Amino acid sequence: TRKDPVDRRGLWVIVAAVLVLAAVAGVAAFFLLRGGESKTESVAQAVRDAGGTYRVFKGEPSGVHIANPAATPKEWNSFPPTSGPHYGQWVIWGEYDEPVRLAQAIHNLEHGGIAVYYGSDVPAEEVTKLRSFYRSDPVGMLLSPLPRLGDKIALTAWYAPTEGNEVQVDKSQGILAEFTRFDENAFEAFRDAYRFQGP
């Protein structure tokens, strides 16, 4: 019996497709695994583009609870605080007309929340924009006045990067962005990058 030569073109097409898919998966994995750095830089750039300031602080130890509710921690390394000792009870997520207790709000940050504060000299129209921003996607968010900020608006987060599937608590950072006016692009970038990323 006579055998026809095998047509190997189909096999080469399949091999080429598999190699292309593997290359795409490798590139995607590279960017996902280094996403923490690029995410931080893109948020910092969005904040700077909006005329704000972006600062990163060393994350204070996670899980340090204060027993005395009248105490004011001295260990906070930023104002408003972005990490560190806090009360065991967090603030109920929401929008407030009166200042919340900062030592409770830090507990919210530890659990991946974002706290937005505004000073006593922030114009009413800017506060209205903040309320609209909050109400558009309030999950894991706090909005509260903080008179001591004066004419500033502050966004705070306690960020813990991940490597693989592991949260790197010992590499956590306090993130603080400050503005004198609301900027939708910068605020959304901050919220979307750091919400649910606490230690």
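**Arg195 and the packing of helices 4 and 5**

Arg195 is located in the segment that follows helix 5 (184-194). The structure described here is a predicted model. With a relative accessibility of 10%, below the 20% cut-off, Arg195 counts as buried. The side chain of Arg195 forms a polar contact of 2.8 Å with the side chain of Asp137. Beyond the neighbours within four places in sequence, the residues in contact with Arg195 are Gly112, Ile114, Asp137, Val139, Gly140, Met141 and Phe190. Asp137 thus appears in this set of contacts and also supplies the side chain that is joined to Arg195 by the polar contact.

The helix preceding this segment, helix 5, packs with helix 4 (residues 124-136), their axes coming within 12 Å and crossing at roughly 35 degrees. The crossing of helix 4 past helix 5 is right-handed. On the side of helix 4, Leu130, Phe133 and Ser136 make the contact, while helix 5 contributes Phe187, Glu188 and Arg191. Classified by residue type, this contact comprises three nonpolar, one polar and two charged residues.

At the level of the whole chain, five helices and ten strands are present. The chain has 199 residues, of which 44% count as buried. Among contacts between residues at least 6 apart in sequence, 69% join residues at least 24 apart. The exposed area of the chain is about 11,300 Å², and carbon and sulfur atoms supply 57% of this area.

Conventions. Residues numbered from 1 in each chain as written. Predicted model: local features only at pLDDT ≥ 70, side-chain atom pairs only at ≥ 80, totals over all residues. Heavy atoms only, no water. Helix = DSSP H or I, 4+ residues; strand = E, 2+ residues; numbered from the N terminus. Buried < 20%, exposed > 50% of the residue type's maximum accessible area, 1.4 Å probe, protein only. Contact = heavy atoms within 4.5 Å. Areas by Shrake-Rupley, 256 points an atom, 1.4 Å probe, with all protein chains shown as cover. Polar contact = N/O pair within 3.5 Å; in protein donor to acceptor, adjacent residues only side chain to side chain. Axes fitted to C-alpha atoms, helices over the stretch in contact; angles between N-to-C directions. Left-handed = near helix turned anticlockwise from the far one by under 90°. Nonpolar A, V, L, I, M, F, W, Y, C, P; charged D, E, K, R; others polar.
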